[in-house]
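Q: Please take a close look at the packing inside this model. I am new to it, so keep the sentences short.

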Amino acid sequence: ESGIYAKFAQGDDYAAALDALTGKLKELNRGFAGLGLPLPVADGFIEKRMGELKEYLDSMRHVLASGYLKRENLLLAAREMLAAVGEAHSAFNSVEILKARGIAAVLFDLTGFDDDEPLSIDQRIHKSFQGVDVARQVVVVTGYTKGIEGIMREFDRGYSEVTFSKIAVEIRPDEAVIHKEFHLSSADPEI
């Protein structure tokens, strides 16, 4: 079955697929309740984010129908927004679980859903990390970073490693570890 992006690109009913995905993400939330995830907070976050995403996609659909913009550019933007949702959900839940366990943690949601600032990737990272003290708190960051250049257009599937490397350059830590769905890696390209 086609995913949300394919449905959107083909002009099919993506709204029902978004609703189904929202339900699945809330089901995932329930699975983490035993770890301390506050369900009302986590469900509220994903409901808000998915609602915003639906509004963005609806607006993009109208713009696509106008014919004023290149279809490919708008579809790439839709793809980026869809990719950002899962990362934000995972990062948000991780921070909430850590905080519930008494660990100082903060979320740096670089997806840009909450702002209209036309920043480059480097500018967004630089602005986000001003004054952060990584020695006193766990900093959880989305791999997806909104930037005017479009991180997926520039780096395709390797964008989280790019974000990770740019953060390491920004804060110059003694050690940095990226948690991926299948491995851990350092910010040192030689390791």
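A: The answer goes from the core to a helix, a strand and the surface.

This is a predicted model, where local features need pLDDT of at least 70, side-chain atom pairs count only at pLDDT 80 or more, and totals for chains, interfaces and linings use all residues. Residues are numbered from 1 along each chain as its sequence is written, and side-chain values use heavy atoms, leaving out hydrogens and water.

Start with the core. The largest nonpolar core holds 31 residues. Such a core is a set of buried Ala, Val, Leu, Ile, Met, Phe, Trp, Tyr and Cys residues joined through side-chain atoms within 4.5 Å. Buried means under 20% relative accessible area, exposed over 50%, and partly exposed in between (1.4 Å probe, protein chains only). Phe8, Leu18, Met50, Leu53, Leu57, Met60 and Val85 have the most contacts inside this core. Two or more residues come from each of α1 (4-10), α2, α3 (39-66), α4 (71-100), α5 (121-128), α6 (151-155) and α7 (159-171). Helices (H or I, at least four residues) and strands (E, at least two) are DSSP runs, numbered from the N terminus. The most comes from α4, with seven residues.

Now look at Val85. Beyond its neighbours within four places in sequence, Val85 is in contact (heavy atoms within 4.5 Å) with Leu25, Ile46, Arg49, Met50, Leu53 and Phe113.

Asn93 lies in α4. Asn93 counts as buried because its relative accessible area is 4%. Leaving out residues up to four places away in sequence, Asn93 touches Asn29, Phe32, Leu37 and Ala42.

Next comes α5. Its buried residues are Ile121, Arg124 and Ile125. Down the helix axis they fall within an arc of 95 degrees, so they line one face of α5. The arc is that of the directions from the helix axis to the C-beta atoms. The cover over these buried residues includes α6 and α7.

Turn to strand β1 (residues 105-108), where Ala105 sits. Ala105 counts as buried because its relative accessibility is 12%. Ala105 and Gln137 are 32 residues apart along the chain, yet their C-alpha atoms are separated by 5.1 Å. Setting aside neighbours within four places in sequence, Ala105 is in contact with Val95, Leu98, Lys99, Gln137 and Val138.

Last, the surface. Leu28 belongs to α2 (residues 14-31). Leu28 counts as partly exposed because its relative accessibility is 46%.
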